[in-house]
Amino acid sequence: MAKRDYYEILGVEKTADEKVLKSAFRKLAMQWHPDRNPGNAEAELKFKELNEAYQVLSDPQKRAAYDRFGHGAFQGAGGGPAGGPGFGPDFSDFMSDIFENFFGEGGPRRGARGGAGGAGRERGADLRYNLEITLEDAFKGRTEDLKIPTAIACEACGGSGAKPGSKPKTCGTCNGYGRVRATQGFFTIERTCPTCMGRGEVIDDPCEICQGAGRVTRERTLSVNIPAGVEEGTRIRLAGEGEAGLRGGPAGDLYIFLSIAPHSFFQRDGADLFARVPIPMVKAALGGEVTVPTIDGSDARVTVPAGTQTGKQFRLRGKGMPVLRSRDVGDLHIQVVIETPQNLTKRQKELLQEFEAECSRDTHPESHGFLNRVREFFGGTGRA
């Protein structure tokens with residue numbers, strides 16, 4: 001059976017450029033792909049013809065030979081394009097695009113190539129360090145020295161993994177590509193090179209210190225700047241301070257996650273601070289001043305008006321926490337709690353009894369108002 005013209009198979013003119021060829025092949029390959037036409041022998045045949053046609057016409061040398069001699073230019077290679085049924089690197093990468101359209105991100109991926117230019121230089125892992133600081137540290141900011149055990153580049157071999165005086169060699173199995181291809185029918189399957197494990201390089205004489213890994217585990221001391229205003233869960237990234245990469249690969253990053261220890265006096269809500277301050281009953285009744293500490297270490301005086309009740313809040317502007325990367329500062333909110341006297345002497349009890357005898361509705365308006373509402377609720381039955 002005579003072979004069809006390659007241009008006819010792709011449905012393009014003989015003057016079509018590379019962009020037109022690629023677009024036509026992509027469209028038809030998706031239409032006749034066997035996975036979209038299971039059990040369809042005609043689709044399988046058409047897909048094979050498309051592969052063969054595009055393999056020839058996408059290669060300038062093969063296309064020139066085809067334009068001059070037709071299919072006879074490849075008769076010495078078993079009736080197919082010169083070089084047999086395998087596909088070149090560019091064709092395989094293009095087919096990866098087709099597969100990704102079918103299977104999404106789970107299909108074959110490009111960008112994982114090996115080669116002496118960087119295949120073995122795998123990026124090191126990112127590291128996480130949990131650091132607990134005090135609220136005062138979060139207020140002022142501080143510099144913290146951290147001791148972190150991590151993998152660093154081997155000094156003996158400079159991170160190459162090869163014994164000093166030698167160097168890694170290009171893998172002979174994949175020629176430094178890091179991946180090998182195997183042909184099954186008219187498909188080419190690409191997989192990680194089993195010799196170099198995708199690195200593209202092999203080491204005949206490994207470094208005795210790192211055993212060829214190019215890195216060793218050591219404890220490092222890093223100085224970390226903690227800015228003022230950080231909050232619970234703030235993450236600080238130190239680029240390149242993570243685990244060293246294999247065989248000279250770039251290092252990962254170090255992420256420091258901050259947590260703030262509970263404070264004995266202050267509670268934090270964003271940039272604002274809250275504190276509960278007990279005051280004596282007499283001072284709450286007569287009024288006066290109370291001294292409260294602030295987060296910056298100084299004291300502040302709060303004027304308590306006569307008749308202050310439990311739960312009353314006083315705001316001290318600008319006495320809270322700084323806002324990260326801003327000039328703004330929160331407030332300090334003081335909530336007073338009236339302290340009832342305890343362990344009274346006989347005389348103190350007598351004085352309070354005399355005081356109670358002199359009390360009126362005006363002295364305790366809230367409690368009297370509450371009793372009146374209770375009576376109204378029960379319809380004046382006297383049950384209250």
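Of the 384 residues of the protein chain, 35% count as buried. The model is a predicted one, and the exercises below walk through parts of it.

**Exercise 1. The overall fold**

Task: Find how many helices and strands the protein chain has, and what share of its contacts with a separation of 6 or more comes from residues 24 or more positions apart.

Solution: Start with the secondary structure, which comes to 9 helices and 15 strands. Then turn to the contacts with a separation of 6 or more: residues 24 or more positions apart account for 63% of them.

**Exercise 2. The faces of helix α4**

Task: Work out which residues of helix α4 are buried and why they line one face of the helix.

Solution: Step one is to pick out the residues under 20% relative accessible area. In α4, which spans residues 60-69, these are K62, R63 and Y66. Step two is to look down the axis of α4: the buried residues fall within an arc of 100°, so they line one face. This fits a general rule: an α-helix has 3.6 residues a turn, so residues three or four places apart point the same way. Step three is to ask what the buried residues pack against, and here you will find α1 (6-10), α2 (18-32) and α3 (41-57). Finally, check the face turned away from the buried side, where P60, Q61, R68 and F69 are exposed.

**Exercise 3. A hairpin of two strands**

Task: Describe how β12 and β13 pair, and sort the side chains of β13 by face.

Solution: First, the pairing of β12 (residues 288-293) with β13 is antiparallel and runs over 6 bridges. As one example, T291 has R301 in β13 as its bridge partner. Next, the hairpin has 5 residues between its strands, and G297 adopts a positive phi near 95°. Last, recall that side chains in a regular strand alternate between the two faces of the sheet. Strand β13 (residues 299-304) does this: A300, V302 and V304 point to one face and are buried, while D299, R301 and T303 point to the other and are not buried.

**Exercise 4. The largest pocket**

Task: Give the volume of the largest pocket and say which elements and residue classes make up its lining.

Solution: Begin with the volume, about 720 Å³. The pocket is lined by 19 residues, and the closest to its centre are M281, A285, F355, T363 and H364. Now group the lining by element: α7 (281-286), α8 (346-358) and α9 (365-377) each give two or more residues, and α7 gives the most, with 5. Sorting by class then yields 10 nonpolar, 7 polar and 2 charged residues.

How values were computed. Residues are numbered from 1 along each chain as its sequence is written. This is a predicted model: local features need pLDDT of at least 70, side-chain atom pairs count only at pLDDT 80 or more; totals for chains, interfaces and linings use all residues. Side-chain values use heavy atoms; hydrogens and water are left out. On a 1 Å grid over the protein atoms alone, a cavity is a set of points where a 1.4 Å probe fits but cannot get out, and a pocket is an open set with protein on both sides within 12 Å along at least five of seven lines; lining residues have an atom within 4 Å of a point. Grid points are joined across faces, edges and corners, and a volume is the space filled by probe spheres set on the points. Helices (H or I, at least four residues) and strands (E, at least two) are DSSP runs, numbered from the N terminus. Ala, Val, Leu, Ile, Met, Phe, Trp, Tyr, Cys and Pro count as nonpolar, Asp, Glu, Lys and Arg as charged, and the others, Gly among them, as polar. Buried means under 20% relative accessible area, exposed over 50%, partly exposed in between (1.4 Å probe, protein chains only). Two strands pair if DSSP finds at least two bridges between them. The arc is that of the directions from the helix axis to the C-beta atoms. Contact means heavy atoms within 4.5 Å.
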